[in-house]
Structures are given as structure tokens and as C-alpha cells.
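Okay everyone, grab a seat. I'd like to walk you through one pocket and one helix today, so let's bring the model up.

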Amino acid sequence: MLLKTFKPNDIISMKLVTGEEVISKFVEVSDSGYKINKPLVLSLTSQGPALTPFLLTADLNSDITIPKSAIIGMASTDKVTSGQYIKGTTGIEPATTSDFTKLI
């Protein structure tokens, strides 16, 4: 079986056994689990989907480790959601390919 490998700072999505979908920066994998940074959870609100803190009272910049046994699946996050994640965690709005056509 071929497993996807992630590099530090990749934006990844995890589905946990609790049903939560976590979007975060990948830090590293170890025997104890996956270390991630700035984890957000996809939540459904009255205004539609929103990214909210995974741990409401934790420092968003601290790394946390999710045990491998708590993860059902994980994958690279799609470009639209990655862009929203980056904007929400850094305030920087990533450029899109359509933005480059405006320069010509």
C-alpha cells in the first residue's frame, strides 16, 4: 500500500473517530501520532461552514499531537479550503492563478 507523505507546513485535513474534520499545518509524524500546528475544525453554523479552533482555550500557535488511533483518514486539503485556512490563521490572502492574469 502506498501512503501519502506530508512535508512540514503542508496544510492537511484529518477525519477523527469523533467525526470532527481537522484542518491544520503538518509538523511531523512519530510513533505516538501526528504533530500538527494551528488546528481548526470545520463547523456548520447558521451562516454556513466555518473554521473554528480545535481547542477553544489552547494557544493556537502551540503544537498538538493527535494519536494515530484517533484518525480515520487524512489527505492534503483542497486549494480553496487551504486558502481560507491560511487567510484565517495568518491574515495573508494567497494569490490565485486568476490573480496573475490581471498583471498582464
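So, which elements each supply at least two residues to the lining of the second largest pocket? They're β2 (21-29), β4 (48-53) and α1 (79-90). Keep in mind that this is a predicted model. β4 gives the most, with 3 residues. The space in that pocket is about 150 Å³. Its lining includes Glu-21, Pro-49, Leu-51, Asp-78 and Gln-84. If you sort the lining residues by type, you get 5 nonpolar, 4 polar and 2 charged.

Okay, now let's stay with α1. That helix has 12 residues, and from its first C-alpha to its last it reaches 16 Å, close to the 16 Å expected at 1.5 Å a residue. Which residues of α1 are buried? Ser-82, Gly-83, Tyr-85 and Thr-89. Looking down the axis of α1, those buried residues fall within an arc of 160°, so they line one face of the helix. Here's the bit from the textbook: an α-helix has 3.6 residues a turn, so residues three or four places apart point the same way. And what do the buried residues of α1 pack against? That would be β1 (11-16), β2, β3 (33-45) and β4. Flip to the other side of α1, and Val-80 and Gly-88 are exposed.

Last stop, Ser-82, which sits in α1. Why do we call Ser-82 buried? Because its relative accessible area is 12%, and buried means under 20%. Setting aside neighbours within four places in sequence, Ser-82 is in contact with Ile-11 and Thr-77.

Note on methods. Residues numbered from 1 in each chain as written. Predicted model: local features only at pLDDT ≥ 70, side-chain atom pairs only at ≥ 80, totals over all residues. Heavy atoms only, no water. 1 Å grid on protein atoms, 1.4 Å probe; cavity = no way out; pocket = protein on both sides within 12 Å on 5 of 7 lines; lining within 4 Å. Points joined across faces, edges and corners; volume = space filled by probe spheres on them. Helix = DSSP H or I, 4+ residues; strand = E, 2+ residues; numbered from the N terminus. Nonpolar A, V, L, I, M, F, W, Y, C, P; charged D, E, K, R; others polar. Buried < 20%, exposed > 50% of the residue type's maximum accessible area, 1.4 Å probe, protein only. Contact = heavy atoms within 4.5 Å. Expected span 1.5 Å × (residues − 1). Arc of directions from axis to C-beta.
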